[in-house]
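Thanks, everyone, for making the time this morning. I would like to walk you through one model, going from its interior outwards to the ligand, and I will try to keep to what the coordinates support.

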Amino acid sequence: TEADARTAAPQCPVAFPLRRPGRPFPPPEYATYRGGAGLVRSELPSGPVWLVTRHEDVRAVLTDPRISADPSKPGFPKAGRTGGAPSQYEVPGWFVAMDPPEHGRFRKTLIPEFTVRKVRELRPVIQQIVDERIDAMLAAGTSADLVESFALPVPSLVISSLLGVPKVDRDFFEDRTRVLVRLSSTDEERDKATQALLRYLGRLIQIKQRRPGDDLISRLIAAGTLSRQELSGVAMLLLIAGHETTANNIGLGVVQLLTNPRWIGDDRIVEELLRYYSVADLVAFRVAVEDVEIGGQLIRAGEGIVPLIAAANHDATAFAAPSEFDPERSARSHVAFGYGVHQCLGQNLVREEMDIAYRTLFARIPSLTLAVPVEELPLKYDGVLFGLHELPVTWK
Ligand code: HEM
């Protein structure tokens, strides 16, 4: 019976998310589950969920049409801080929370904007943004918090430039998006910032309708497949999805390079960093809308599913010696960007941003060092993303 299956299924003994107590990542419990039944039961504030740990099973979850990404479906898991702010998901155009076929209308319109070729054209823009941030750091002294002064502003400036946000409004944009990613923000503050950004984007779209420019919003307007409201939601999603995720990878990558300088200047680190840290471990929540079997385990309709991206990316059946950081391995089959129809739209952009950020930072500040011992860096595991709260650095 169903009750028997539940009691027979292994249970994760501690509340989620698990902490990552040190290096190597991810939490050691993941290996135990992966080597055991693969799927385990756990509890989130929203109720019981299945944690999925094997590379093969995570891919199966993310491609099964009986499994939904729509948070309005009964049983959909909610963790910690996203549990408190569901309003984001009610924004029209928030296509990461849509299932096919509705999702496809958005995805098809957006895909041409994020191809390898298209993103390559953005290199000079990214380079300029990175250089300007470094100029500002150098002008301000010989030490900085690299999260605050580099890792966070770079991705948000890249996205606002891509969208066509005028330069004079970039500070407004930075401030509001900072509220959204800051852990200490209250739900009310986050709601206010979301509303302010949506209003701003609505006005920007109106202006671009009258006077189109060479930017993503103008091209989406010209494509004519999305309403104005949906366009603001899409712009907002791009802004949020690409901000802290990219910032965390930039920060963690800098630490990895400072402690492993032989990889400086080698672009193969990018893919391995994505796999190794798997910062978006807990973002791809799902719910079964029909009964479905994953990895030999029956999941009932209405049961929440959390595919653990970090667990899949450290599965030894997919990556030999997974807890070793080895840029020479072929890491391309990682699921750091998810898998299936929702696989990260911004992945080509991220690769360029990470590569340009590391190259430029170490070329322009060769004396860059950590200002605190690596063990004392404040790690972030209290949200849905893994990263660094701060990255104090100095230079000569
Ligand atoms: C989707 C990770 C950067 C835009 C996703 C998903 C993951 C992910 C795991 C799948 C979510 C799911 O299946 O529910 C990351 C990581 C990033 C990153 C690790 C940085 C290192 C970006 C950037 C952008 C972006 C820079 C902006 C252009 C999106 C969008 C989706 C998405 C729009 C939804 C795609 C869809 O539903 O079709 N990302 N992302 N991401 N990402 Fe990223």
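In this predicted model, the largest nonpolar core has 103 residues, and the members that touch the most others are Leu51, Val52, Val154, Ala235, Ile305, Leu308 and Ile309. The largest share of this core comes from α13, which gives eight residues. Taking Ala235 as an example, and leaving aside residues up to four places away in sequence, we find that Ala235 touches Leu163, Leu201 and Ile217.

Ile305, another of those core residues, brings us to strand β8, residues 304-307, where Gly304 and Val306 point one way, Ile305 and Pro307 point the other way, and all are buried. That fits the general rule that side chains in a regular strand alternate between the two faces of the sheet. Strand β8 pairs in the parallel sense with β2, residues 47-52, over four bridges, and within that pairing Ile305 is the bridge partner of Trp50. Strand β5, residues 286-288, runs antiparallel to β8 and is joined to it by two bridges, with Arg286 standing opposite Ile305.

There is also an open sheet of three strands, in the order β4-β12-β9, with antiparallel pairing. Because β4 (143-145) and β9 (369-370) each have a single partner strand, they stand at the edges, and one side of each is left without a neighbour in the sheet. Between β9 and β12, residues 392-394, there are two bridges, and Thr369 stands opposite Thr394.

Turning to the helices, what span should we expect for α17, given its 18 residues? At 1.5 Å a residue the expected value is 26 Å, and the end C-alpha atoms of α17 are 26 Å apart, so the two agree. The buried residues of α17 are Leu349, Val350, Glu353, Met354, Ile356, Ala357, Tyr358 and Leu361, and they pack against α6 (116-120), α7 (123-140), α9 (153-163), α14 and α15 (269-277).

That leaves the ligand, which is surrounded by 25 residues, the closest being Gly242, Thr245, Gly338, Cys344 and Gly346. The elements that give two or more residues to this shell are α13 (228-241), α14 (244-259) and α17 (347-364), so we come back to α13, the helix with the largest share of the core. By class, the shell has 17 nonpolar, seven polar and one charged residues.

Conventions
Residues numbered from 1 in each chain as written. Predicted model: local features only at pLDDT ≥ 70, side-chain atom pairs only at ≥ 80, totals over all residues. Near = placed C-beta within 6 Å. Nonpolar A, V, L, I, M, F, W, Y, C, P; charged D, E, K, R; others polar. Buried ≥ 20, exposed ≤ 12 C-beta atoms within 10 Å, placed from the backbone. Pairing = 2+ DSSP bridges. Expected span 1.5 Å × (residues − 1). Contact = placed C-beta atoms within 7 Å. Core = buried A, V, L, I, M, F, W, Y, C linked by C-beta atoms within 7 Å.
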